[in-house]
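Here is a quick tour of the empty spaces in this model and of how some of its helices pack. Have the structure open and follow along.

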Amino acid sequence: MQPDTRYAKSGEVNIAYQMFGEGPINLVFAPPFVSNIENYWNAPDFASWLLRMGSYARVVMFDKRGTGMSDRVAELPGLDQRMDDLRAVMDAARMNQAALLGVSEGGPLTALFAATYPERCNALVLYGSFARFTSWLPTEEALAQFPGYIDTAWGTGGSLPLFAPSIGNDPGGQQWWARLERLGASPASASALMRMNSQIDISGILPTIRVPTLVIHRTDDVTINVEGGRYLAEHIPGARYIELPGKDHIPFVGDNAGEIADAIQEFLTGSRAPVPIDRVLATVLFTDIVGSTEKAVVLGDSRWRDLLDKHHATIRSNLARFRGHEVKTTGDGFLATFDGPARGVRCACSIAQEIKPLGIDVRAGLHTGECEMMGEDVGGIAVHIGARVASLAGAGEVLVSSTVKDLVAGSGLRFSDRGNQTLKGVPGEWHVYAVDR
């Protein structure tokens with residue numbers, strides 16, 4: 001008997017989730033491309049695979065917004081909003097901390113979540129996953145072919161050989177897969193999701209993941225190139241890598257499906273020392289007033305202090321609105337952090353717009369990277385990069401590093417290329433982009 005489907009509130013969106021198992025650890029299963037958590041149980045092999053996890057863990061699985069039984073949305077989410085949804089499901093299930101299992105497309109989400117919220121993640125498992133979408137469809141031509149299938153044959157189950165060739169001609173498997181396609185997403189939603197996924201690139205944040213990590217990949221995976229799994233393992237510090245033979249992408253299909261389940265259970269139930277949380281992934285925002293010294297001279301001390309008070313109030317109001325954390329003021333500017341880069345960019349743009357009527361302009365710069373937590377302050381190279389990016393901005397301008405741009409895929413934000421820049425005191429060249437507003 002399958003578990004009941006419940007709903008977690010993420011902002012105004014309802015996220016469908018199920019919880020099952022009585023094991024001593026918490027485990028969150030993040031879904032691949034499209035899903036329907038109730039249809040999962042209609043495939044006997046999948047049901048057995050899930051129940052195996054439930055034998056040693058309290059498991060939560062969910063449908064991403066816009067898919068399965070979760071709310072349909074006008075625009076499919078970027079990774080920022082997906083992290084919000086994952087956190088909302090954990091909160092609804094009363095899981096303060098959990099291991100995360102990211103299968104295929106669920107991998108980038110869980111990896112980013114583990115780096116951003118290490119206090120809520122005690123282990124990470126990535127199966128058949130990737131850092132860059134090109135591990136899935138490496139060329140524009142390949143990317144164009146799959147939407148062609150969606151337009152003409154979505155819901156028929158005809159794509160099963162592209163994910164599980166060993167059962168590609170099995171009538172029962174095709175019937176179940178066809179139903180998963182229909183119940184997982186409409187053709188338009190599936191196409192939009194694929195377009196959004198094509199922008200995924202979390203390669204820049206992999207070295208910031210500090211939780212114990214297991215990466216599993218099949219050598220001849222027909223969907224995600226094995227180099228995608230190897231890249232994850234090579235760039236996540238201390239990651240354990242297991243490569244198994246086989247072509248099937250779906251983990252519960254194939255001769256070694258049991259080995260995959262064994263490896264996950266052994267990794268999650270082993271004894272490990274707790275990871276000290278003194279470094280986390282964060283988006284750093286720097287702002288400052290353009291020409292502040294000259295403006296202060298013109299206004300005089302009293303009027304300048306009044307203007308600064310209004311400036312500070314405007315920025316703090318926007319930080320509260322976009323869930324930013326004020327680290328400190330820098331005289332005529334602010335240093336703040338965000339747990340999602342898209343929110344940080346939107347906050348910076350809102351600040352620049354709302355400050356202008358005060359008769360001043362601000363410039364802003366953002367970078368996402370590993371930050372050292374030092375009480376109420378933050379430090380590390382990511383903070384220096386954020387400050388240097390901000391220093392390149394002009395009046396009313398918001399600049400971001402290429403890391404930020406890569407992580408806001410699917411957010412609707414648009415950028416203009418400012419080319420490679422040398423950042424004072426920071427090794428190498430950094431690609432910088434201006435936010436279009």
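## Sorting residues by class

Before we look at any lining, here's the bookkeeping: Ala, Val, Leu, Ile, Met, Phe, Trp, Tyr, Cys and Pro count as nonpolar, Asp, Glu, Lys and Arg as charged, and the others, Gly among them, as polar. Keep in mind, too, that this is a predicted model.

With that sorting, the lining of the second largest cavity comes out at six nonpolar, four polar and one charged residues. You can check that against the names: the lining is made up of Met83, Leu112, Thr116, Leu281, Ala282, Thr283, Phe338, Asp339, Gly340, Pro341 and Thr368. Two elements, helix 4 (106-116) and strand 9 (279-289), each put two or more residues into that lining. Strand 9 gives the most, with three residues. The space inside is about 40 Å³.

## The largest cavity

How many cavities of 30 Å³ or more does the structure hold? There are two, and the largest has a volume of about 280 Å³. Its lining takes in 20 residues, and the ones closest to the centre are Pro32, Val34, Trp177, Leu180 and Ile250.

Which helix gives the most to the lining of the largest cavity? That's helix 6, spanning residues 171-184, with four residues. By class, this lining has 16 nonpolar residues, three polar ones and one charged.

## The largest pocket

Now for open space. The largest pocket holds about 490 Å³. Its lining runs to 25 residues, with Arg65, Gln81, Asp84, Arg323 and Arg343 nearest the centre. Helix 3 (79-92) and helix 12 (341-355) are the elements that give two or more residues to the pocket lining, and helix 3 gives the most, with seven.

The class split here is eleven charged, eight nonpolar and six polar residues. Set that beside the largest cavity, where the lining has 16 nonpolar residues and one charged.

## Helix 3 against helix 4

Helix 3, the one that gives the most to the pocket lining, also packs on helix 4. Their axes are 10 Å apart and the angle is about 75 degrees. Angles of 65 to 115 degrees count as roughly perpendicular, so helix 3 is roughly perpendicular to helix 4.

On the helix 3 side, the contact is made by Leu79, Arg82, Met83, Leu86, Arg87 and Met90, and on the helix 4 side by Leu109, Thr110, Leu112, Phe113 and Thr116. The class count for this contact is seven nonpolar, two polar and two charged residues. Some of these names should look familiar: Met83, Leu112 and Thr116 are among the residues lining the second largest cavity.

## Helix 10 against helix 11

Next, look at helix 10 (residues 292-299) and helix 11 (residues 301-321), which pack at an angle of about 130 degrees with their axes 6 Å apart. That angle makes helix 10 oblique to helix 11. The crossing of helix 10 and helix 11 is right-handed.

Helix 10 brings Ser292, Lys295, Ala296 and Leu299 to the contact, while helix 11 brings Asp301, Arg303, Trp304 and Leu307. Sorted by class, the contact of helix 10 with helix 11 has four nonpolar, three charged and one polar residues.

## Helix 11 against helix 12

Helix 11 also pairs with helix 12: their axes come within 10 Å and cross at roughly 150 degrees. Why do helix 11 and helix 12 count as roughly antiparallel? The cut-off for roughly antiparallel is an angle over 145 degrees, and the crossing is at roughly 150 degrees, so helix 11 and helix 12 are roughly antiparallel to each other. The crossing of helix 11 and helix 12 is right-handed.

From helix 11, the residues in contact are His311, Thr314, Ile315, Asn318, Leu319 and Arg321, and they meet Cys347, Ser350, Ile351, Glu354 and Ile355 in helix 12. By class, that's five nonpolar, four polar and two charged residues.

Notes. Residues numbered from 1 in each chain as written. Predicted model: local features only at pLDDT ≥ 70, side-chain atom pairs only at ≥ 80, totals over all residues. Heavy atoms only, no water. 1 Å grid on protein atoms, 1.4 Å probe; cavity = no way out; pocket = protein on both sides within 12 Å on 5 of 7 lines; lining within 4 Å. Points joined across faces, edges and corners; volume = space filled by probe spheres on them. Axes fitted to C-alpha atoms, helices over the stretch in contact; angles between N-to-C directions. Parallel < 35°, antiparallel > 145°, perpendicular 65-115°, else oblique. Left-handed = near helix turned anticlockwise from the far one by under 90°. Contact = heavy atoms within 4.5 Å.
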